[in-house]
Amino acid sequence: MPDSQSPRWARLVKVEEIETDKYFIDVYSCPIEPETLREKYLQEPPVLYAFAIFNRDNQYLLSYALEMREALRDREDGSEETYIGYFLETYCEHQRFSCKNFKDVEPTFELVKSTVIAFVVEYDAVQKMIDYDKEIHAQQHGNFPQN
C-alpha cells in the first residue's frame with residue numbers, strides 16, 4: 001500500500017479478503033473511532049478504510065482509500081465554509097486520483113466496500129486507472145506509455 005510506513009496507513013488492520021474473477025482485494029479498517037481521528041489526527045488526513053488490489057499472480061496493483069479531511073464548499077451567498085469530508089481516493093503507481101466524494105456524511109464500511117467492489121468488478125476500473133496513471137505519467141515526462 002502507498003506510504004505504508006506513515007501512521008495513517010500503518011495503523012490499519014486487515015479485516016477481510018475478497019476474491020473476484022480477476023483480483024484479490026485485501027480490506028483494511030482503522031480501529032480508532034472516527035471522532036478520535038477527527039479530533040487528534042485530521043492533519044494527516046486519516047484513512048478510515050483501505051482496499052489493496054492484487055492480480056491473480058499476487059502482484060500489488062493499486063489501492064483505494066477512504067480519507068477524512070477538511071474541505072471547502074461554496075455557500076449560496078458566495079462565501080466558503082470548511083467542513084469535514086470523506087473522499088475515496090485511488091492510489092496508483094505514479095499518482096492518486098479522487099474517485100468519489102461522500103461530502104460531509106460519513107459513509108458506512110459496507111457502503112464504501114460495495115462502492116469499491118462495484119468499481120473493480122462492474123466498471124473494470126483497476127485496469128482503466130492503471131492505464132490512465134501510465135498515460136498521465138508519460139505526458140508529464142514527455143514520453144509515451146508502454147503497453
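Helices and strands here are DSSP runs, a helix having at least four residues and a strand at least two, numbered from the N terminus. With those labels in hand, welcome to a few close-ups of this predicted model.

**View 1. A cis peptide bond sits between E44 and P45.** Start with the backbone joining E44 to P45, where omega is about -15°. P45 belongs to the loop that links α2 (34-40) with β3. Strand β3 itself covers residues 47-54, and it comes back in the core view below.

**View 2. Strands β4 and β5 pair as an antiparallel hairpin.** Here β4 (residues 60-74) and β5 (residues 80-91) are held together by twelve bridges. One pair to look for is S63 with its bridge partner in β5, Y91. Five residues lie between the two strands, and in that turn G78 shows a positive phi of about 95°.

**View 3. Strand β5 also pairs with β6.** Follow β5 onward and you meet a hairpin with β6, with four residues between the strands. Strand β6 (residues 96-101) runs antiparallel to β5, and five bridges join them. A handy landmark is F87, which stands opposite N101 of β6.

**View 4. K103 occupies the loop between β6 and α3.** Which backbone angle deserves a look at K103? Phi is the one: its value is near 60°, positive in a residue other than glycine. K103 counts as partly exposed because its relative accessibility is 47%, which falls between the 20% and 50% cut-offs. Leaving aside residues up to four places away in sequence, K103 touches Y83, I84, G85 and Y86. R69 is 34 residues away from K103 along the chain, yet 10 Å separates their C-alpha atoms.

**View 5. Helix α3 runs through residues 109-122.** Does its length suit a helix of this many residues, and what span should 14 residues give? At 1.5 Å a residue the expected span is 20 Å, and the end C-alpha atoms are 19 Å apart, so the two agree. The buried residues of α3 are F109, V112, K113, T115, V116, A118, F119 and V120. In an α-helix there are 3.6 residues a turn, so residues three or four places apart point the same way.

**View 6. D124 follows just after α3.** This residue lies in the loop between α3 and α4. Phi of D124 is near 50°, a positive value in a residue other than glycine. Is D124 buried, exposed or partly exposed? D124 is partly exposed, since its relative accessible area is 25% and buried would mean under 20%.

**View 7. The largest nonpolar core gathers 38 residues.** The residues with the most contacts inside this core are F51, I53, L62, Y64, L66, L88 and V120. At least two core residues come from each of β2 (24-29), β3, β4, β5, α3 and α4 (125-140). Which element gives the largest share of this core? Strand β3 does, with eight residues. V120, named here for its contacts, is also among the buried residues of α3.

Terms used. Residues are numbered from 1 along each chain as its sequence is written. This is a predicted model: local features need pLDDT of at least 70, side-chain atom pairs count only at pLDDT 80 or more; totals for chains, interfaces and linings use all residues. Side-chain values use heavy atoms; hydrogens and water are left out. The expected span of a helix is 1.5 Å times one less than its number of residues. Buried means under 20% relative accessible area, exposed over 50%, partly exposed in between (1.4 Å probe, protein chains only). Two strands pair if DSSP finds at least two bridges between them. Contact means heavy atoms within 4.5 Å. A nonpolar core is a set of buried Ala, Val, Leu, Ile, Met, Phe, Trp, Tyr and Cys residues joined through side-chain atoms within 4.5 Å.
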